[in-house]
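Q: Could you pick one part of this protein and walk me through it slowly? I'd like to see how it connects with the rest, in plain words please.

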Amino acid sequence: GANQSSEFQAYLEDQGTTVARINSEVMNDINTPLTPALLDKYDIIILDWLQRSYTPQEADAVRLWVEAGAGLMTMTGHINNQATIDRSNSFITPLGLKYNGSKGFFDGPVTQFAPHPITQGLTLLTFLGGLYIDVTPDMIGTNTTIMTLPQGPVGVVQERVEGRVFVFGDEWVEFDSQWQNMPEIKQFWVQTLAYLGPKDSCTVPQ
């Protein structure tokens, strides 16, 4: 993403993970191609404020990386314009998932959850200036809507071959001002990372 993160990245590293920020102005590598060799370094990729759209070849590399057993999470809404939508969709449309801007950017909070490992125990999740998600089954991924607002699905998970995807319609859960002071957002991250992480992982972030 575009901006350096302080507390969130430090939180991840405190759990024993290795965190790298790629394709960002911070690292001066916006145009570095996403290749299989690059992707294979990571167990989980979290997309935040994307600085460019991705090519069909890059999106296909991500799809194959997920199908081999990796975890992908996407967020959107960092800036309320079409570029935010198009850049994220360049990543996830090949998976049969797509952010839809036809109802504009809207607010929550999310209070309607379906039972799932990510949503266990959650009653309220910040949602400010986000989008709903279109789901187009492709006969490969198994999609489940786990969070809903009146405008439509805002949290969708996909089991895809050996990997897992979580598409979330907003980005405020990543902001230090939100997750650091609201216990349910920390719980959300614990459960999200546990769901997306390697199936043979022996630790769960706390």
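**Starting from one loop**

A: Let's start with glycine 69, which is partly exposed, with a relative accessible area of 32%. That figure falls between the cut-offs, since buried means under 20% and exposed means over 50%. Keep in mind as we go that this is a predicted model. You'll find glycine 69 in the loop between H3 and S2. To get a feel for distance, look across to threonine 123: the two residues are 54 apart along the chain, and their C-alpha atoms are separated by 30 Å.

Now step to either side of that loop. On one side is helix H3, covering residues 56-67, and glutamate 67 belongs to it. On the other side is strand S2, residues 71-74, where threonine 74 sits.

Take the strand side first. Threonine 74 is buried, because its relative accessible area is just 1%, under the 20% cut-off. What does its side chain touch? A polar contact of 2.7 Å ties it to the side chain of tyrosine 99.

Back to the helix side, where the charged residues come in. As a general idea, side chains of opposite charge can pair when their charged atoms come close. Here glutamate 67 meets arginine 160 in a salt bridge, side chain to side chain, at 2.9 Å from N to O. What makes this pair fun to trace is that it links distant parts of the chain: glutamate 67 is in helix H3, arginine 160 is in strand S7, and their positions lie 93 residues apart in the numbering. Are these two buried or exposed? Arginine 160 counts as buried because its relative accessible area is 2%. Glutamate 67, at 13%, is buried as well.

The pair isn't on its own, either. Asp60, Arg63, Glu67, Asp138 and Arg160 are linked in a network of salt bridges. Across the structure there are seven salt bridges. Another one joins arginine 52 and glutamate 58, with N and O 2.8 Å apart. Both partners are buried: arginine 52 has 12% relative accessibility, and glutamate 58 has 6%. You can compare that with the bridge from arginine 164 to glutamate 159, where the closest N and O atoms are 3.3 Å apart. Glutamate 159 is partly exposed, at 32% relative accessibility.

Let's follow the chain on from arginine 160. Valine 161 lies in the loop between S7 and S8. Its phi is positive, about 55 degrees, even though it isn't a glycine. Valine 161 counts as exposed because its relative accessible area is 53%, over the 50% cut-off. There's another residue with a positive phi that isn't a glycine: methionine 139, at about 70 degrees. You'll see methionine 139 in the loop between S5 and S6, and it is exposed too, with 80% relative accessibility.

What about the strands on either side of valine 161? They lead us into the protein's interior. In soluble globular proteins, nonpolar side chains tend to be buried together. The largest nonpolar core here has 29 residues, and Leu125, Met147, Phe166, Phe168, Phe188 and Trp189 touch the most other members. S7 (152-160) and S8 (163-168) each supply at least two residues of this core, as do helix H1, strand S6 and helix H6. H6 is the biggest contributor, giving seven residues. A second, separate core has 25 residues, including Leu72 and Val165.

One last stop is an empty space. Rolling a probe the size of a water molecule over the atoms shows where such space is left. A search of the whole structure finds one cavity of 30 Å³ or more. The largest cavity holds about 60 Å³ of space. Its lining includes Met75, Thr76 and His78 from one stretch of the sequence, along with Asp48, Trp49 and Leu50 from another. Sorted by type, the lining residues are five nonpolar, four polar and two charged.

So, to retrace the route: from the loop that holds glycine 69, between H3 and S2, you can follow glutamate 67 in H3 to its partner arginine 160 in S7, and then go along S7 as one of the contributors to the largest nonpolar core.

Conventions. Residues are numbered from 1 along each chain as its sequence is written. Side-chain values use heavy atoms; hydrogens and water are left out. A nonpolar core is a set of buried Ala, Val, Leu, Ile, Met, Phe, Trp, Tyr and Cys residues joined through side-chain atoms within 4.5 Å. Buried means under 20% relative accessible area, exposed over 50%, partly exposed in between (1.4 Å probe, protein chains only). Helices (H or I, at least four residues) and strands (E, at least two) are DSSP runs, numbered from the N terminus. A salt bridge is a side-chain nitrogen of Lys or Arg within 4 Å of a carboxyl oxygen of Asp or Glu. On a 1 Å grid over the protein atoms alone, a cavity is a set of points where a 1.4 Å probe fits but cannot get out, and a pocket is an open set with protein on both sides within 12 Å along at least five of seven lines; lining residues have an atom within 4 Å of a point. Grid points are joined across faces, edges and corners, and a volume is the space filled by probe spheres set on the points. Ala, Val, Leu, Ile, Met, Phe, Trp, Tyr, Cys and Pro count as nonpolar, Asp, Glu, Lys and Arg as charged, and the others, Gly among them, as polar. A polar contact is a pair of N or O atoms within 3.5 Å; within protein, one must be able to donate a hydrogen and the other to accept it, and residues adjacent in sequence count only if both atoms are side-chain atoms.
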